[in-house]
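Colleague: Could you take a close look at one part of this model for me? I'd like to hear about the charged and nonpolar side chains on the surface, with enough background to place them.

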Amino acid sequence: NPADQLEKMAEVARSIVKTEADLDTYYGDDPFWRDAARESFDLSLEKLQDEMGVVTRYDAEQAQKQSAKRTAAPPSVEQMRHSKSCTPPVKQPGWLSQ
């Protein structure tokens, strides 16, 4: 029964308790684990910063492309005539022009 399932899910959600522990409590007094955790954290942070650099550069390139599109002059009639992407106008059936 879906109502029973939702009630069970709500019950489980209410039973979840947040706990916090600092590294000394989590890893104990052994400095090896604390140092290993710190090194892992620092490496993850460096990787994240590198990835953010890629995202920032990509975002800047996209903004530059959009800016160039907005400031570009529209094509001239002559350019449109010689453009392969320009399609000729569709001829209207005779009954539409009457």
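Modeller: Here's the overall layout, then the salt bridges, then the surface patches.

First off, this is a predicted model, so keep the confidence in mind. The chain averages a pLDDT of 81, and 84% of the residues score at least 70. Broken down by element, H1 has the highest mean pLDDT, at 89, while helix H5 (residues 94-97) has the lowest, at 60.

As for the fold, you've got five helices and zero strands, which reads along the sequence as α-α-α-α-α. Just 1% of the 98 residues count as buried. The chain exposes about 9700 Å², with carbon and sulfur atoms supplying 58% of that area.

Now the salt bridges. Searching the whole structure turns up three of them. One pairs Glu7 with Arg14, where the closest N and O atoms sit 3.4 Å apart. The two partners differ in how they meet the solvent probe: Glu7 counts as partly exposed at 45% relative accessibility, whereas Arg14 is exposed, at 58%; the cut-off for exposed is over 50%.

Another one joins Lys8 to Glu11, with 3.9 Å between the closest N and O atoms. That value falls inside the criterion, which asks for a side-chain nitrogen within 4 Å of a carboxyl oxygen. Why are these two about one helical turn apart? Because they are three residues apart in helix H1 (residues 2-15). Lys8 is partly exposed, its relative accessible area being 49%, and Glu11 also falls in the partly exposed class, at 43%.

Then there's the bridge between the side chains of Asp42 and Arg38, at 3.3 Å from N to O. Both residues belong to helix H3, four residues apart, or about one turn of the helix. Asp42 counts as partly exposed with 29% relative accessibility.

On to the patches, starting with the charged one. Asp29, Asp30, Asp35 and Glu39 make up a negative surface patch. Within that group, Asp30 sits in the loop that runs between helix H2 (23-27) and helix H3 (31-71). Is Asp30 buried, partly exposed or exposed? At a relative accessible area of 37%, Asp30 is partly exposed. Patch members need over 30% relative accessible area and no salt bridge, so Asp30 passes the area test with its 37%. Asp42, on the other hand, takes part in a salt bridge with Arg38, so the no-salt-bridge condition keeps Asp42 out of any patch.

Helix H2 is worth a quick stop too. Asp24 is placed in helix H2, and Asp24 is partly exposed, with a relative accessible area of 39%. Asp24 and Arg34 are ten residues apart in sequence, and their C-alpha atoms are 7.1 Å apart in space.

Finally, the greasy side of things. Phe41, Leu45, Leu48, Met52 and Val55 form a nonpolar patch on the surface, and together they have about 460 Å² of accessible area. Leu48, one of that group, has its place in helix H3. Leu48 is partly exposed, with a relative accessible area of 45%, so Leu48 clears the over-30% bar for patch members.

To pull helix H3 together: it holds Leu48 from the nonpolar patch, and it also holds both Asp42 and Arg38, which meet in a salt bridge. Asp30 of the negative patch is in the loop between helix H2 and that helix H3.

Terms used: Residues numbered from 1 in each chain as written. Predicted model: local features only at pLDDT ≥ 70, side-chain atom pairs only at ≥ 80, totals over all residues. Heavy atoms only, no water. Patch = residues over 30% accessible without salt bridge, like charges linked within 9 Å, V, L, I, M, F, W, Y side chains within 5 Å. Areas by Shrake-Rupley, 256 points an atom, 1.4 Å probe, with all protein chains shown as cover. Lys, Arg positive; Asp, Glu negative; His and termini not counted. Charge placed at Lys NZ, Arg CZ, Asp CG, Glu CD. Buried < 20%, exposed > 50% of the residue type's maximum accessible area, 1.4 Å probe, protein only. pLDDT = per-residue confidence, 0-100.
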